[in-house]
Each structure stands twice: as structure tokens, then as C-alpha cells.
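Here is a short guided tour to read alongside the coordinates. Please keep the viewer open as you go.

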Amino acid sequence: LKIAVVNSGSSSLKFKLFEAKEVRAHFVVENIGRADAKIIFALREEKIAISKIVANHYEALKEIVKLLKEYEILADFSHLDAIGHRVVHGGETFIDATVIDDEAIKKIESLKHLDPLHNGANLEGILLALKIAPLVKQIAVFDTAFHSKMPKEAYLYALEAKYYENYGIRRYGFHGSSHSYLAKACAKELQKDIRELNIITLHLGNGSSVCAVQGGVSIDTSMGFTPLEGVIMGTRCGDIDAGVVFYMQRELGLSVDETDEILNTRSGLFGLCGTNDIREISISGNANAKLALDMLSRSIKKYIGAYMALLGRVDAIVFGGGIGENSAILRKMIFENINFGILFDDNANEDSRKIISKADSKIDIMVIKTDEEQEIANECYKILES
Ligand code: AMP
């Protein structure tokens with residue numbers, strides 16, 4: 001089977017081609033619509049970067065089609081068995097991966113108001129792929145789906161019922177493909193049945209979330225109605241007293257849109273110390289950078305504690321995402337002064353080994369390279385093979 005996975009973001013497009021269940025080619029188009037746009041692609045071991053202005057997502061996808069042909073990897077998209085698409089918000093409508101037809105497109109469109117930035121870009125990716133390959137099966141895989149089995153006490157906010165019943169205001173959770181991938185990879189590493197394991201997965205990247213996975217099922221997660229809730233992130237503030245938002249609007253005269261922009265794009269690590277790159281923050285001697293790192297590790301530690309209490313017993317804690325996989329400093333800070341039988345292995349952590357706890361630790365701590373595209377491809381195989 002030949003499957004392409006498209007992960008269409010607001011200014012980027014990631015693309016992976018799977019053939020016989022192996023990755024055949026991998027593309028990342030960055031800074032779409034800007035002068036510093038770049039196409040980076042890897043064909044087996046070879047990594048190539050091209051600087052080229054790519055005006056929009058359609059051009060990005062067309063460049064990928066062209067390069068695949070040029071390198072004699074794929075003559076055109078009509079040779080694919082399926083194209084899998086990452087869609088951030090599935091609301092309560094989509095609790096599983098779904099074959100895209102006119103009805104599904106209408107439904108995804110109708111969910112745009114829940115997450116205009118992400119779902120808009122995801123939908124654009126779907127429509128473009130349909131334009132390029134109208135006869136190929138297209139499959140949408142939703143970030144929220146993995147969390148769709150959370151119990152009511154986890155997903156409801158303490159508001160009057162009408163806000164949930166009439167307006168769908170609840171916790172949805174995001175990064176589902178990543179949490180699912182991390183939990184499965186952890187079970188595989190431990191050579192145990194996922195149904196017998198309780199795992200806390202930490203997807204820590206520019207956007208971050210924590211998930212309590214019981215027997216392979218998400219029973220709670222830190223992101224909420226939108227990806228703004230939870231741990232401190234690159235540019236998002238994470239958990240905050242909703243009263244702050246009223247105060248900003250009432251007393252500081254900020255509009256709804258201005259507040260939205262501040263909390264989503266100018267807060268978090270960036271708001272605290274002027275950068276959201278954990279590498280810069282870690283080596284900076286600046287007091288604000290140090291404070292940002294202290295606040296970040298504390299906010300993640302709080303979720304680990306909360307999910308340990310919720311799960312009752314924890315077998316493994318797994319780090320994934322750009323920060324989780326690479327920042328040994330942050331991982332070490334998180335486990336400072338934590339006991340509960342956890343034995344953190346400093347050397348293994350420095351080397352970013354797969355298991356960074358000691359053999360006799362009550363809880364295994366792991367670092368796993370997350371792979372959302374692989375998880376999306378797996379969902380496509382499930383549909384194609386059923
Ligand atoms: P993601 O959203 O998963 O791509 O993660 C992006 C973030 O990961 C960046 O903002 C960096 O802070 C962090 N990151 C990426 N690569 C590294 C690295 N080699 N060392 C430390 N942090 C990294």
C-alpha cells in the first residue's frame with residue numbers, strides 16, 4: 001500500500017509518504033507565504049533543503065508532487081491508495097478516523113468555529129489534495145479522537161449544563177495522535193499489553209499537553225476546549241484564572257481578539273523571557289529565562305502529580321515532542337525532589353536514552369520520538385484493511 005500523510009498547519013505543511021509500511025519520503029515546507037520559505041525533504045538517508053518562496057499551501061503541495069516525480073518516487077498522486085490528513089478538531093462529531101466525503105467536509109467545516117486557525121488550515125489541505133487527486137481515498141484523523149472516551153467528570157467544566165448541551169463547551173483535548181503513539185510505543189518497549197498499563201504521556205513541543213492513559217485509553221488531558229489550557233507552552237499561557245481575562249478586558253480596555261492574541265501568541269515562554277526556544281532559554285544566564293524554565297518544569301510537575309493521583313498506579317511516564325525529546329535539563333528539573341519510588345537516571349537522561357530511569361525505579365521514565373504521521377498512517381491502514 002502507498003499512503004501519503006498531510007499535516008497542514010497555519011504556515012507549514014508536513015508530508016510523509018509510506019510505502020509497504022515504511023517511510024519512503026518526508027517533506028516539511030516551512031514559512032509558507034513568507035520570503036524565508038523553505039522546503040526540507042528526506043529521501044531515505046539523504047536530507048535536502050531548498051529555499052524557495054512558496055506562496056500558499058496549494059503551491060507547497062504542488063512542489064511536493066513535482067519533487068516526488070523528479071526523484072522518481074511517485075509519478076503522481078493518483079498512484080496512492082489513500083491520503084491521510086491530520087485534522088485538529090473533531091468536536092463530538094468525529095470520534096474515529098473518517099473517510100472524507102461531501103458530508104464529512106461539511107461537518108469539518110461546521111466545526112471550524114471551535115478552532116478557526118487549525119481546522120481552517122487542515123480543511124484547506126484536504127480540499128487541495130482532493131483537487132490534485134480527486135479519485136484517491138482521503139481519510140481524516142482527528143487530534144481530539146483519542147480523548148473521546150474520557151469520562152464525563154473529566155471533560156465537563158463546572159458550568160451550567162446548557163453550555164455543554166447547547167454549545168458544546170467542554171474539554172476536548174488535543175495532540176491525540178501523539179499521545180496514542182507514545183503510549184503504544186511505551187507498551188512495546190516494555191513488552192507489555194497496553195491494556196494492563198497506566199501511562200502518563202507528555203507531548204512537549206511548541207504546543208504541549210499531558211495525558212493520563214489508562215489501559216490505552218485517555219482518561220484525562222491537560223488541554224481543554226481549545227489548545228490554550230494546561231501546561232505553560234511556547235507562546236500560550238496555559239492554565240490561568242479566567243478572571244484575568246475579564247480584568248484585561250474590563251480594566252485594561254483590551255478587546256476580545258486582543259486578549260485572544262495575547263494569551264495564545266505572546267504569552268508562555270515567549271511572554272516570560274522573549275523567546276520560546278528551550279535551547280536558548282537553557283543556556284541563557286538571564287534571570288527571566290531561568291524563571292521561565294522554573295515555571296515550565298513546575299507546571300509539568302503539577303500535572304504529573306495530578307495524573308499519578310488520578311490513575312492510582314503509574315507504570316511509565318513518557319516524554320515526546322521537540323522539547324520532551326531533546327531537553328535533558330527540563331526533564332531533570334521535572335524530577336527534582338520527586339520520590340514516590342521514582343529513580344531518575346542522570347546519565348541516561350544526559351544521553352537522551354530511551355529509558356531514563358534506573359532499573360529498580362517503581363515507574364519507568366522514557367524518551368520516545370513521537371510520530372504523529374505514523375499514527376495517522378496506522379489509522380489509514382486500519383480503514384484500508386477493514
Ligand atoms: P515541536 O513543536 O514538537 O516541533 O517542538 C518545537 C520546540 O522543541 C522548539 O521550540 C524548541 O524549544 C524545542 N527543540 C527542538 N529541537 C531541540 C533540541 N535539539 N534541543 C532542545 N530543544 C529543542
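## Valine 23 and its surroundings

In this predicted model, valine 23 belongs to strand 3, which covers residues 22-30. Is valine 23 buried, partly exposed or exposed? With a relative accessible area of 38%, valine 23 is partly exposed, because buried would need a value under 20% and exposed a value over 50%.

Leaving aside residues up to four places away in sequence, valine 23 touches Lys16, Leu17 and Phe18. For a sense of scale, pick phenylalanine 246 as well: valine 23 and phenylalanine 246 are separated by 223 residues in sequence and by 48 Å in space, C-alpha to C-alpha.

## Strands 1, 2 and 3

Let's move on to strand 2 (residues 13-19). Five of its seven residues are buried, so strand 2 is largely enclosed by the rest of the structure. Strand 2 runs antiparallel to strand 1 (residues 2-8), and seven bridges join the two; here valine 5 has lysine 16 in strand 2 as its bridge partner. Four residues lie between strand 1 and strand 2 in the hairpin they form.

Seven bridges also join strand 2 to strand 3, again in an antiparallel arrangement, and lysine 14 has valine 28 in strand 3 as its bridge partner. This hairpin has two residues between its strands, and alanine 20 in the turn shows a positive phi of about 50°.

## Helix 11 from end to end

Helix 11 spans residues 287-311, and its geometry checks out nicely: at 1.5 Å a residue, its 25 residues should span 36 Å, which agrees with the 36 Å between its end C-alpha atoms. At the N-terminal end, asparagine 286 acts as a cap, with a side-chain oxygen 2.7 Å from the backbone nitrogen of asparagine 288. Just past helix 11, glycine 312 adopts a positive phi of about 80°.

Many positions are worth colouring by burial; the buried residues of helix 11 include Ala289, Leu293, Leu296, Ile300, Ile304 and Leu311.

## Two nonpolar cores

Which residues touch the most other members of the largest nonpolar core? Among its 38 residues, they are Ile200, Leu202, Ile300, Ile304, Ile317 and Phe335. Elements giving two or more residues to this core include strand 9 (198-204), strand 12 (316-320), helix 13 (328-335) and helix 11. Helix 11 provides the largest share, 10 residues.

Isoleucine 304 is a good place to zoom in: not counting residues up to four places away in sequence, isoleucine 304 touches Ile200, Leu202, Ile317, Ile334 and Phe335. A second, separate core has 30 residues, among them Leu17, Phe41, Leu43 and Ala129.

Technical notes. Residues numbered from 1 in each chain as written. Predicted model: local features only at pLDDT ≥ 70, side-chain atom pairs only at ≥ 80, totals over all residues. Heavy atoms only, no water. Buried < 20%, exposed > 50% of the residue type's maximum accessible area, 1.4 Å probe, protein only. Contact = heavy atoms within 4.5 Å. Expected span 1.5 Å × (residues − 1). Polar contact = N/O pair within 3.5 Å; in protein donor to acceptor, adjacent residues only side chain to side chain. Pairing = 2+ DSSP bridges. Core = buried A, V, L, I, M, F, W, Y, C linked by side-chain atoms within 4.5 Å.
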